[in-house]
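Here's a quick briefing to help you find your way around a structure you haven't met before. Have a look at it first, and then we'll go through some spots worth clicking on.

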Amino acid sequence: MNKKLLLGNPNSIFIREMISELKKLNQNLQVDLILSKRHQVGKISADNVYNFIPDSEVSLYKLFAFYFSFYKWFFSSNSKYKSIDVHFVNIYYLPILPLLKLKCESLNLVFWGSDLLRCKYQKLLGVMIGMADVINISSENMKRELVSKFSNSLKGKQITINRFGSLSLDLVDKVNKADANNDNCYFYESLNKFDNKTIVTIGYNASRAQQHLKVIKTIKDKCHVDSYVFVFPFTYGVEDSSYINEIKAATEGLNVVFLEEYMTDFEIAYLRIKTDIFIQVQITDAFSMSMQEHMYAGNRVITGSWLKYDELSSERTVFEQVDSIDEIGGLLDRPLLSVDEKNHNRNIIHKLSNWTSVIDGWERLGRK
């Protein structure tokens, strides 16, 4: 039996879905998972789950406890893997990469976006790339960034482009607005009371890189705000609570809904179909799945021209780009997408990001 080991965040819907889709594709494949975060939400279908993270809020203690537990597992386990995929390349993994490499035939680093595009520790990242056999990114733009920054470390490495799929696309098809209620959607009432207004979702996490405050300013300065309700998903990416407090203070006078609890797959799909306009203007991005899900749901999307979505542009998907965040407030009153534009976007996103279209590449990743 072939065996693959993933190191990744179990709270990420992409990790959980990938494991289940890999096992569905190849029933002779054993998929194990080392947790990079404490498990909080969702079902993990991995054959073996290794949790080396202690129940503590002290960051330094958690890190060294993780290393200790990992080393203990390494020396006590005889498991060998065809490939090990490290998802989201964190520099804290540097001390364990040499040991992971001894456990497999192919060590694969899977960059998600900000781990490559916004990493402050370029030299350490270069060392990690030098240890890997395969480097996976999600777009041609990321490949250009990778090669321009780490050409020396990449010598002899295989570079692959594999993108995540999304079961939320299937859920968007199945979920009806009438299916939601207080029992299966914690923010049902919060949105339902604004049912006569245009729903605008701003960003998809609580990171400062989403530039929420700049978006709020342009909306207040240039938009007829009474016609809208603004939704802020803060379910992950929380860097510090003070930033969320800044956003809440800045939105005074607006109709707002803050989503601060983890969302189920149903709730994610429900948010997509309830949204009318999605604003995505973070500093850098690789190939935003959240944005694609909104496009698939038929929503109008406004994003930054500095985010190079070459794959979407080449397929002529319909979305709006701004050169400056300051332009956004003046754009909201424009019409929503036509039926033809919605259908075109749905067809393209399904082709690019349905798991059926992409899972083969992940199953083969690192295969000699």
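S313 is partly exposed, with a relative accessible area of 39%. Keep in mind as you look that this is a predicted model. You'll find S313 in helix α13, and from there to L33 it's 280 residues along the sequence and 35 Å through space, going from C-alpha to C-alpha.

**Salt bridges**

- How many salt bridges does the structure hold? The count is 22.
- One of them pairs D310 with R144, and their closest N and O atoms are 2.6 Å apart. D310 sits in helix α13 (residues 310-314) and R144 in helix α6 (residues 140-150), so this pair ties together parts that are 166 residues apart in sequence.
- D310 is partly exposed, at 31% relative accessible area. R144 counts as partly exposed too, with 45% relative accessibility.
- Another salt bridge links D265 and R16, with 3.7 Å between the closest N and O atoms. Because D265 belongs to helix α11 (residues 265-274) and R16 to helix α1 (residues 13-25), the pair ties together parts that are 249 residues apart in sequence.
- Are the two partners buried or partly exposed? D265 is partly exposed at 30% relative accessibility, whereas R16 is buried at 12%.
- E363 and R367 also meet through their side chains in a salt bridge, at 2.4 Å from N to O. Here E363 is buried, at 13% relative accessibility, while R367 is partly exposed, at 48%.
- There's a network as well: R208, D240 and E246 are joined into one by salt bridges that share partners.

**The second largest pocket**

- This pocket holds about 280 Å³ of space. It is lined by 18 residues, and the closest to its centre are I273, T275, D276, N299 and K342.
- Which elements give two or more residues to this lining? They are α11 and α14 (339-353).
- α14 gives the most to the lining, with three residues.
- Sorted by class, the lining has seven nonpolar, four polar and seven charged residues.

**Helix α11**

- This helix is mostly covered, with nine of its 10 residues buried.
- The buried residues of α11 are F266, E267, I268, A269, Y270, L271, R272, I273 and K274.

**Strand β12 and its partners**

- Strand β12 (residues 300-304) is mostly covered: five of its five residues are buried.
- Which residues point which way from β12? R300, I302 and G304 point one way and V301 and T303 the other, and all are buried.
- On one pairing, β12 runs parallel to strand β11 (residues 277-280), with four bridges between them. To spot a contact in that pairing, look for I277, whose bridge partner in β12 is R300.
- Following the chain from β11 to β12 takes you through helix α12 (residues 289-296), and this β-α-β crossover is right-handed.
- β12 also runs parallel to strand β13 (residues 320-322), joined to that strand by three bridges. G304 has V322 as its bridge partner in β13.

**Strand β6 and its partners**

- V134 and N136 point one way from strand β6 (residues 134-137), I135 and I137 point the other way, and all are buried.
- Strand β5 (residues 104-110) runs parallel to β6, and three bridges join the two. In that pairing, the bridge partner of N108 is V134.
- β6 also pairs with strand β7 (residues 158-161), in the parallel sense and over four bridges. Opposite N136, in β7, stands T160.
- What handedness does the β-α-β unit of β6, α6 and β7 have? The unit is right-handed. Its helix, α6, is where R144 lies, the salt-bridge partner of D310 in α13.

Conventions:
Residues numbered from 1 in each chain as written. Predicted model: local features only at pLDDT ≥ 70, side-chain atom pairs only at ≥ 80, totals over all residues. Heavy atoms only, no water. Salt bridge = Lys/Arg side-chain N within 4 Å of Asp/Glu carboxyl O. Buried < 20%, exposed > 50% of the residue type's maximum accessible area, 1.4 Å probe, protein only. 1 Å grid on protein atoms, 1.4 Å probe; cavity = no way out; pocket = protein on both sides within 12 Å on 5 of 7 lines; lining within 4 Å. Points joined across faces, edges and corners; volume = space filled by probe spheres on them. Nonpolar A, V, L, I, M, F, W, Y, C, P; charged D, E, K, R; others polar. Pairing = 2+ DSSP bridges. Right-handed = clockwise from strand over helix to strand, strands pointing away.
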